[in-house]
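Open the model in your viewer and keep the selection box ready. Each stop below gives you something to pick and says what is there.

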Amino acid sequence: MGKYEFKLIESKWQKIWEDKGAYEADPGLGDKFYLNVAYPYPSGAMHIGHGRTYTVPDVIARFKRMQGYNVLFPMGFHVTGTPVIGVSNRIARGDQEAIKLYREVYKVPKDVMERFTDPHEIVRYFSNDYTDIMRSMGLSIDWRRRFTTVDPQYSKFIVWQYHQLKDKGLVAKGEHPVKFCPNCDNPLGDHDLLTGEKATISEFVLIKFRLPDGMVVPTATLRPETLFGVTNLWINPDGDYVIAKLKDRNENWLLSREAAEKLKYQDFDLEIESFVKGSRFIDRVVKNPLNDDIVEILPATFVEMDMGTGIVMSVPAHAPFDFIALRDLHNAGKYKNIRPIPVIRIEGYEKIPAAEVVNRMGIKDQEDEKLTSATDELYSAEFNRGFMLQEFGGDPVYQARNDVKIKLTERGDAASLYEFSERPVVCRCNTSAVIKLLKDQWFVRYSDPDWKDSVKTCIHDRTKLIPPELESEFLRTVDWLNDWACTRKVGLGTPLPWDPAWIIEPLSDSTIYMAYYTIAQHLKDIDPELLDDAVFDRIFLQKNTECRVDPEILKKMQEEFMYWYPYDYRLSAKDLISNHLTFQLFHHTAIFSEEYHPRGLVVFGIGLLEGEKMSSSKGNVILLSDAIEKFGADTVRFFLMGSAEPWQDFDWRSKEVTASKRHLERFWNTANEIIEMGEGEKELESIDYWILNRLQDRIKITTEALDNFFTRSAIQQAFFGIESDLRWYRRRSDGSRPGAVWTMRYILDRWVRLLAPFVPHITAELLEKMGKSSVTDLTYPKVDDEFVNPGIELEERLVEATYNDINEILKVTKITPRRIILYTTPEWKEEVRRVVLSRRSKGRVELSDVMRYIMENPEMRSYKKEMPKLVKRMIEDYQGISEKEIDLLLATDINEFKVLDRAKDFFKQEFGASVSVYNAEDAAYDPAGKSKLAYPMKAAIFVE
């Protein structure tokens, strides 16, 4: 038996697979299975998070191939946009943080780094690096289809896509707020950001309170309907404010310096006239524009200068932060004349809702972390279930909110301000992003109601979501998604065909590339100039267009697309539901006929490193290449697939990865030991049938798990479950027996193939040792009806339970046994169990009903004294039992005496004592009266 040399084994099989073109998929006979995963942006090295992202689809691809499917699993590289340009510029100007990241974390050689001043060199280096690492992970990718999003052929495909959208009226010029980098002078997509990828743009209402001299004191709110309940404004006394003249409005505004800077980007024509401290305005009064109430400006150090305008309107009856701040002032003996004004009623809350939630949560002061939870709870409850008080109209809150906004805006007392939902938001050039109101920008019209309806229909009727509870999140995204700025002025990418001064941005050029994969290998040899819209119309829309491409090649591409499409599953990160994953549903429904709409989507959770969120920029990552070098690809795959289900967060912990390596070493040793035993003979005993039946269960459950992408559950069954069964089997059986040798060889064959999708290298090596090819003979195990025997499972369950009970008795009593006596349950107790189970299968079981039925049997009346207690126990024992288990127990009649009598030698060997078995009704020896304790599937035990 050789040592498990993972480096030799993995490099050997990767070369064999590549030489044979084992994973090159072409249209053919049989069912196809096409899955794809979000392609990487190669601007930095691969880390273990990438490893998980690309191993999940590989496991499913291998599983489906073994089931006989013709599987396509392609890969490309996303390089459009500004990220690599930002990296290149930072390195060119000597940014030490960027240089340290790429030299020390990503381990880029110095001579290569010198070329990174050219962004194309970054793309070239990392896309090749990714390809090499993916190969070293054993990913079964069809590399013929590799492309990058700056390939000229791909650009022609994007041009065709945008002509399609424009022709349908789904791309138009407009004015919208976008994330923007002042340094790059460019709108930003999520791929362009160092931090803040999840930030969305929220629209606040700017409410114009006015000082007696007419100066505007604007506050930003998401809840304009609460203006009725404003008791005061808050201003930071230590804050730096400005008085700015708004030229187009002929007004002077008081606001923070940061707010003035923000407004410049949002179409406010302002000029700063003077700088002031917030303390200057404490105790001054302003007029509420909604009801002309006069309210004071109070001091509050909690006011953030870069949030909103740096001035906050206070609604203490409905805002927990405001309630606490006002209460603190009251406790200090200040402003006691100011009291909360309730304006919203909501069932389940007191008259002053903020007071109720603050008191219920035990919030003590403004530093209490529970304030955020209190705010979220109350705001959500009021918006969804709240009504304005009758004196304020009595309308639902959501209606009043819109009415107040429209009313104030129409008369010039309100405007819009856009804010990020979270901060900071930082461009890859290391500049803080702002929100800019762009004009003359091109937008994809995701706001179109008919388009939204078609996407919802696709989600409801066509696309399977894993996990299924994602449907509400997708539908919510479709509802709130607005027009999307689809072009940029700078960056790598495809120029907008009808307005080439603009470049199509990264998220907008990666929506239907899954279709491009189906023909990518054919397009590589075609002159891009020949690829006009007519070519793609013919391929993807089956139009009879005139094309300049060779008709034979054109026919192949059309057939290939029609064979592979629609894709069966797409896998991507959960945080892309808010953009890419939903965008691609929009674009599929707009461009392709219904038969080509996506069939399935799977999302990923995030990756943690020793309990902390992974971050490349902070160096908190483990490079995938380092992990493979240290542990081996199969170990990395085994850990990543077994640590969590794909949609759950996983946590890379070195100790657990090391344990995974030991698991595979143990598997290697066990497998080689079985191989060296030979073939054996099919001369089977009861214990052989037991493990063979257990194996069929493992095969069934593992198959069902992988059919639904439950990789962790599958590994639990296919590895740990079988290993546990085998460990028990080898204790219960003479391993040198020809029947045992045959059984273990049979099990090993299935075991290796069950694990092949997860750990392809070690299993390929073991199959070769068994005289089989991992390329041509690799089929996925199916349930073998010959060995399906649920009854044998019950018999062995009785043996194992008895073994555990004896062990427990010896542990508690500390007896060294000389003799062990087992008493099996009498037939009359078995009959009582059958009655209870048969009634349980039909629903609720009543003690009186069971007793009445049993006592009708004259033979049972002699046991009437102990019957109530027995029936009550059985009803309780079987209360939570599954229907499957009830059916098994009712359908299987086992002779407990015979089962335990056959196991006497096993018990004798395990406990070093003689063993006797009696039927409880015919016990020749029962000095302690234990026989009366015998119970179905639980022997009574006496130890001497």
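The tour goes through a predicted model, stop by stop.

**Stop 1: the nonpolar cores**

Start with Y102, F540, W652, V832, M867 and F907. These have the most contacts inside the largest nonpolar core, which has 230 residues. Now highlight helix 25, residues 738-755. Helix 25 gives this core its largest share, 10 residues. Next, select V217, I235, L254 and L408. They are among the 35 residues of another core, which lies apart from the largest one.

**Stop 2: F540 and D537**

Go back to F540 and show its surroundings. Leaving out residues up to four places away in sequence, F540 touches F157, W160, A515, I519, F561 and F592.

Then pick D537, in helix 17 (residues 533-541). How far away is the nearest side chain of opposite charge to D537? That side chain is K543, at 4.6 Å. The salt-bridge cut-off is 4 Å, so the pair does not qualify. D537 is thus buried and has no salt bridge. Its contacts, again without residues up to four places away in sequence, are W160, Q164, Q542, K543 and T545. W160 is on the contact lists of both D537 and F540.

**Stop 3: salt bridges**

The structure holds 75 salt bridges. Three pairs and one network are worth selecting.

- Select E768 and K12. They form a salt bridge, with the closest N and O atoms 2.6 Å apart. E768 is in helix 26 (residues 760-769) and K12 in helix 1 (residues 6-20), so the pair links parts of the chain 756 residues apart. E768 is partly exposed at 38% relative accessible area, and K12 is partly exposed at 30%.
- Select R423 and E304. Their side chains meet in a salt bridge, 2.9 Å from N to O. Both ends are in loops: R423 between strand 17 (414-420) and strand 18 (426-427), E304 between strand 13 (294-299) and strand 14 (311-314). The two are 119 residues apart. R423 is partly exposed at 38% relative accessibility, and E304 is partly exposed at 45%.
- Select R873 and D877. This salt bridge spans 3.7 Å, N to O. Both residues are in helix 30 (residues 867-877); they are 4 residues apart, so about one helical turn separates them. R873 is partly exposed, with 33% relative accessible area. D877 is partly exposed too, with 42%.
- Select E24, D26, D142, R144, R145 and E560 together. A network of salt bridges links them.

**Stop 4: cysteines without a bond**

Turn on the sulfur atoms and pick C427 and C429. How many disulfides are there? The count is 0. For C427, the nearest cysteine sulfur is that of C429, 3.6 Å away. For C429, the closest cysteine sulfur is in C181, at 3.5 Å, which is too far for a bond. The disulfide cut-off is 2.5 Å, so neither distance qualifies. Is C427 buried or exposed? C427 counts as buried, at 2% relative accessibility. C429 is buried as well, with a relative accessible area of 4%.

**Stop 5: tryptophans**

The structure holds 72 aromatic pairs. Select W442 and W498 for one of them. The rings meet edge-to-face, 5.5 Å centre to centre, with 80° between the planes. W442 is in strand 19 (residues 434-444), and W498 is in the loop between strand 22 (487-488) and strand 23 (503-504). They are 56 residues apart, so this pair links distant parts of the chain. W442 is buried, with a relative accessible area of 10%. W498 counts as partly exposed, at 24%.

Now move to W480, in helix 14 (residues 471-480). At 43% relative accessibility, W480 is partly exposed. Set aside its neighbours within four places in sequence, and W480 is in contact with K452 and S578. S578 is 98 residues from W480 along the chain, while the C-alpha atoms of the two are separated by 9.6 Å.

**Last stop: P212**

Finish at P212, in the loop between strand 6 (201-210) and strand 7 (216-221). P212 counts as exposed, with 69% relative accessibility. Add K287 to the selection. The two are 75 residues apart along the chain, and their C-alpha atoms are separated by 7.7 Å.

Conventions
Residues numbered from 1 in each chain as written. Predicted model: local features only at pLDDT ≥ 70, side-chain atom pairs only at ≥ 80, totals over all residues. Heavy atoms only, no water. Buried < 20%, exposed > 50% of the residue type's maximum accessible area, 1.4 Å probe, protein only. Lys, Arg positive; Asp, Glu negative; His and termini not counted. Contact = heavy atoms within 4.5 Å. Core = buried A, V, L, I, M, F, W, Y, C linked by side-chain atoms within 4.5 Å. Phe/Tyr/Trp six-rings, centres within 6.5 Å; stacked < 30°, edge-to-face > 60°.
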